Amino acid sequence: MTQNDLILRDSQRRIVRLKLLSNFYKQADLISVFIKTELIHTIFKESDDETLDYNKLELFHIQFTDSLLELLTKIKRRKESQIVLNLKEIEVNNKFINRYAQISRTENDFEIERKFYSSKVGDYLADVYDRLIGEDSENIITDLSSFSSMYAADYYRDWEDSASFEREEDLRYYEYRNVKVESRLMGRLNISGFKVRFVCGYICNTTYYELFRIFQSDDEFVFNVYNNTFYFLNEDKGGVLDKSHNVYKNDIVQDLTIKNERLVLENKRVREVLSVEVLDVLSKYREILDNMNFLSNSFSIDEETKVLKAMLQLNLDGRGF
């Protein structure tokens, strides 16, 4: 094998590497550089001109192609390391998703239970009313705290301002055993047939508060679960309350699923996106090749090499890839 054959073989190896990296990055300037580099290689490979200096081809690759391959390979390794790291995080997240998905209450469970609870509270208040007026009641007064005990930690809204739940002064109450119901509220409930709807729950300090709305009205009342007291919501103080429906506030499965989706997009971005600094290098590199008269007798790459080397001294310690 002649010296020229060895140069062509090494040139071909560089072309293959550059092609693989061009396919990985899919950047227009890089593809143009690859095409021009392959063209230069082809000129020497297919030429019958015995006077053609193959050392020019070798020198071109040493000064240009090798510098570019070194830069792109370094960037590719960093990208692949980041992608692998993200994939490992996705794998770990999936394990937790599978574990928690089996034990988490679903949003549908809570929506169904809140409807049953609304009916239960209405029956509870109707039972209190019947007993207050001395009528026999078919219902048995039961503790209402089981609903908040089950769902408050995961669903009730954290609320810091206890003033939002303060009652109006000098309220009159009906009391039965450990239950207190504001007298005006009891009268309104009786008119509505004790039909109420659970709106949402709150955790304020260590107390659970539940907000209800009377059927076919805008009247809202509060149930203080801690002291078993029902009273109208003070419109002035309660006006700042967030009354939107409760949702699962500690949904680990949902959080991890969203995080995995972001990691997938991040991997796509890491793979496809190059920094402005690197893109600028590729653009200048392509410009140098486009302006290069490779077969000219006066061809010299010394000055152009200095420019290229300076451009390839990129700071890749940060996010510059």
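The following conversation goes through a predicted model and asks what stands behind some of the words used for it.

Biologist: Why is the contact between Glu80 and Lys76 called a salt bridge?

Modeller: The closest N and O atoms of Glu80 and Lys76 are 2.4 Å apart, and a salt bridge requires a side-chain nitrogen of Lys or Arg within 4 Å of a carboxyl oxygen of Asp or Glu, so the pair meets the definition. Glu80 and Lys76 are four residues apart in helix H3 (residues 54-101), which means that about one helical turn separates them.

Biologist: Why is Glu80 called partly exposed?

Modeller: Glu80 has 32% relative accessibility, and since buried means under 20% and exposed means over 50%, Glu80 falls in between and therefore counts as partly exposed. Lys76, with a relative accessible area of 22%, is partly exposed by the same definition.

Biologist: What makes Arg131 and Asp127 a salt bridge, and are these residues buried or partly exposed?

Modeller: Their side chains meet at 2.9 Å, N to O, which lies within the 4 Å of the definition, so the term applies. Both residues lie in helix H4, four residues apart, about one turn of the helix. Asp127, at 1% relative accessibility, is under the 20% limit and therefore buried, whereas Arg131, at 26%, counts as partly exposed.

Biologist: How do you know that Glu182 is buried, and what is the state of Arg184, with which the side chain of Glu182 meets in a salt bridge?

Modeller: Glu182 has 2% relative accessibility, under the 20% limit, so Glu182 counts as buried. Arg184, with a relative accessible area of 42%, is partly exposed, and the salt bridge itself spans 2.9 Å, N to O. A search of the whole structure finds 19 salt bridges, and there is also a network of them that links Arg9, Asp10 and Arg13.

Biologist: What makes Leu132 eligible for a nonpolar patch on the surface?

Modeller: Leu132 has 31% relative accessibility, and a patch takes residues with over 30% and no salt bridge, so Leu132 passes the accessibility limit. Leu132, Ile133 and Tyr174 together have about 240 Å² of accessible area, and the place of Leu132 is in helix H4 (residues 107-132).

Biologist: Why are S1 and S2 called edge strands?

Modeller: The open sheet has seven strands in the order S1-S4-S5-S6-S7-S3-S2, with mixed pairing. Strand S1 (157-158) and strand S2 (173-176) each pair on one side only, and they are the edge strands.

Biologist: How do you know that S5 and S6 pair?

Modeller: Strand S5 (residues 207-214) and strand S6 (residues 220-224) share five bridges in the antiparallel sense, and pairing needs at least two, so the two strands qualify.

Key: Residues are numbered from 1 along each chain as its sequence is written. This is a predicted model: local features need pLDDT of at least 70, side-chain atom pairs count only at pLDDT 80 or more; totals for chains, interfaces and linings use all residues. Side-chain values use heavy atoms; hydrogens and water are left out. Patches are made of residues with over 30% relative accessible area and no salt bridge: like charges are joined within 9 Å, nonpolar side chains (Val, Leu, Ile, Met, Phe, Trp, Tyr) within 5 Å. Accessible areas come from the Shrake-Rupley method with a 1.4 Å probe; for residues, only the protein chains shown count as cover. Buried means under 20% relative accessible area, exposed over 50%, partly exposed in between (1.4 Å probe, protein chains only).
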